[in-house]
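User: Hi! Could you show me how to read ring contacts and strand pairing in a model like this one?

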Amino acid sequence: MRSLPSIIHLDMDAFFAAVEQAAKPSLRGKPVIVGGVGGRGVVSTASYEARKFGVHSAMPTAQARRLCPNAAFLTGRFEAYRQVSDIVMGLLRELSPLVQPLSLDEAFVDLEAGPYGPALAEADHATGERLVLALAEDLRADIRRHTGVTGSVGAAGSKLMAKIASERAKPDGLVLIEPGQERAVLGPMPVRALPGIGPATEQVLRRAGLSTVADLADAGEAELVQLLGKAHGSGVYAMSIGLDDRPVVADQDAKSVSVEDTFEVDLADRDRVLREVEVLAARCVRRLRAAGRSGRTVVLKVRRFDFSTLTRSETLRGPTDDETVITETARRLASQVDITGGVRLLGVGVSQLADYTQEDLFAQAVREEAALEHAGEESEAAEEPEAPSVRRWMPGQDVHHAEYGPGWVQGSGVGRVTVRFETPWSEPGRVRTFSVDDPDLAPSRPLPLVEGEDWGGRQVGDGGDDGEEEHG
């Protein structure tokens, strides 16, 4: 454990929604919800304005619409999020070569390994803390200046406490937890605050009368080992008393993304198993997208009643992050597994990871939107044989018009598309409506969020391209 709070954790504030608000002046200060916009869509990120209405990530979009009907519901623009993330990660690497990204909007940094390491090593405790705070404040200011969005920073002597500090700092703040204060900070927190404690483990602990981190510390290592097993119990106990010596690992390249759940009662019903697989697949896709990746191989993990564990996998023709594709593949694999006697644990993962392709980003949203339009226009299809070739426009999508310039799609339907023409550095723009096949309207790449920044060699205000390229 360190005596100086030289590990920092950066977590961008409501990242996807914040990028959309920075890109669209008319949405600033208003509720914005990013995710699937169809009937089976799921919220990826909600702005703080939307969270006041009870909207949160992983919530069904239909429920979010009921809670906050006046919000702007947008599909994801992952090229924009990746561009902002690249700027942020570049700023972090100026502080230290030891930067461990956890997703597009979150990372640990070891300041002792960077250019300020010698100064931190030579400083007394008070001076060292002031230097850490100064570096963190400068980082937050640099992020805002270069990207137009905000991030929260936590500083501490370990990764565990730095992450807890950044949670306390939200939104747009900075919190430092002094080494030696770990138990005082952790004690009142619920057990779920510790990494590695999910719903199933929480239920085991609650049945034993352990609901706070202080309860875990008081219970002792032996009792936790008896409840959770040697490895897990020992790890949970160490964290409960604030011990965490995990190093910051630079550029950790995950080989796979996966989620799993252990069930209190073994599952013996095939339909129930398939429903749980669907839930796990959706969680896996959210984690995959948060990491800015897609994958080619879908993996199913099953632990049976007798603790025997098996895996099944299927490799797709190309990498994807599409929830429907991954869910159907996982269901197909689960249908082939013998569940006689019951299932204790299920897991869904994706391996052979790759960066996003443009086709991956909008596959699910395009299908959802197409299904909605098809349901509403089925009677018109016979009279309009050209309808299947009509272009689809997704809410939030970047576009460029030959006369009016850059803008974004507010919505579309019944053969029309509504576009608001504005840029990240303009005043809120005017709205105009066009035919969905207007030849002067074309998809475009995202514009930089700050005037004067240059993404990928393009000049600010460039009209963009035809949107047909792949951009990693």
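**Rings and strands**

Analyst: Happy to. This is a predicted model. A good place to begin is a charge over a ring: Arg65 lies over the face of Phe73, 4.3 Å from the ring centre. Likewise, Lys24 has its charged end over the ring of Trp408, at 5.3 Å from the centre.

User: And how do I read two rings together?

Analyst: A pair of aromatic rings is described by the distance of the centres and the angle of the planes. Searching the whole structure gives 8 aromatic pairs. Take Tyr404 and Phe421: their centres are 5.4 Å apart and the planes stand at 40 degrees, so this pair is tilted. Tyr404 sits in the loop between strands E13 and E14 while Phe421 belongs to strand E15, so the pair ties together parts 17 residues apart in sequence.

User: Is Phe421 buried or exposed?

Analyst: Phe421 is buried, at 12% relative accessible area, whereas Tyr404 is partly exposed at 32%. Phe421 also forms an edge-to-face pair with Phe434, with 5.9 Å between centres and 90 degrees between planes. That pair joins strand E15 to strand E16, across 13 residues.

User: How do those strands fit into a sheet?

Analyst: Strands of a sheet pair through backbone hydrogen bonds, either parallel or antiparallel. Here 5 strands make an open sheet with antiparallel pairing, in the order E16-E15-E14-E13-E17. E16 and E17 stand at the edges with a single partner strand each, so one side of each has no neighbour in the sheet. Strands E15 and E16 are joined by 6 bridges, and Phe421 has Arg430 as its bridge partner in E16.

Conventions:
Residues numbered from 1 in each chain as written. Predicted model: local features only at pLDDT ≥ 70, side-chain atom pairs only at ≥ 80, totals over all residues. Heavy atoms only, no water. Pairing = 2+ DSSP bridges. Helix = DSSP H or I, 4+ residues; strand = E, 2+ residues; numbered from the N terminus. Phe/Tyr/Trp six-rings, centres within 6.5 Å; stacked < 30°, edge-to-face > 60°. Buried < 20%, exposed > 50% of the residue type's maximum accessible area, 1.4 Å probe, protein only. Lys NZ or Arg CZ within 6 Å of the ring centre and 35° of its normal.
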